[in-house]
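User: Hi! Could you walk me through this model?
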Amino acid sequence: MIDAALHIAFAAVSLALMCNCWRLMRGPALGDRIVAMDTMVINVIAIIILIGMTGETNAYFEAALLLAMVGFVGTIAYCKFVLRGDIVE
């Protein structure tokens, strides 16, 4: 039963990732592209978690935590660059 749920979750997250890629390429504004990139990081984290659940190993959960921290810092740095033109003041 859990295998079927994992397959459905993989399909749903993959569909969401494809929609995010579409928004990243076709976004009318730069803000839309930033939000799409941040949401893509969240979807990749979800895929990593699902792979960890499928493989029954804890190493993937640590990788997902690291990606979450790097994705957050990257999004903040990109937004600051767009608003001010410089990351470090």
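Analyst: Happy to; here are some notes on the core, a helix and a loop residue. This is a predicted model, where local features need pLDDT of at least 70, side-chain atom pairs count only at pLDDT 80 or more, and totals for chains, interfaces and linings use all residues. Residues are numbered from 1 along each chain as its sequence is written, and side-chain values use heavy atoms, leaving out hydrogens and water.

User: Great. Which residues make up the largest nonpolar core?
Analyst: Six residues do: Leu6, Val13, Leu17, Met40, Ile47 and Leu50. Helix 1 (2–26) and helix 2 (30–55) each supply at least two of them. Such a core is a set of buried Ala, Val, Leu, Ile, Met, Phe, Trp, Tyr and Cys residues joined through side-chain atoms within 4.5 Å; helices are DSSP runs (H or I, at least four residues), numbered from the N terminus.

User: And what does Met40 touch?
Analyst: Leaving aside residues up to four places away in sequence, Met40 touches Leu17, Asn20, Cys21 and Leu24. Contact means heavy atoms within 4.5 Å.

User: Is Asn43 buried or exposed?
Analyst: Asn43 is buried, with a relative accessible area of 10%. The cut-offs are under 20% for buried, over 50% for exposed and partly exposed in between (1.4 Å probe, protein chains only). Asn43 lies in helix 2, and what covers the buried residues of that helix includes helix 1 and helix 3.

User: Switching topic, where is Glu56?
Analyst: Glu56 sits in the loop between helix 2 and helix 3 (59–84). Glu56 has a positive phi of about 55 degrees, although not a glycine, and counts as exposed at 72% relative accessibility.

How values were computed. Helix = DSSP H or I, 4+ residues; strand = E, 2+ residues; numbered from the N terminus.
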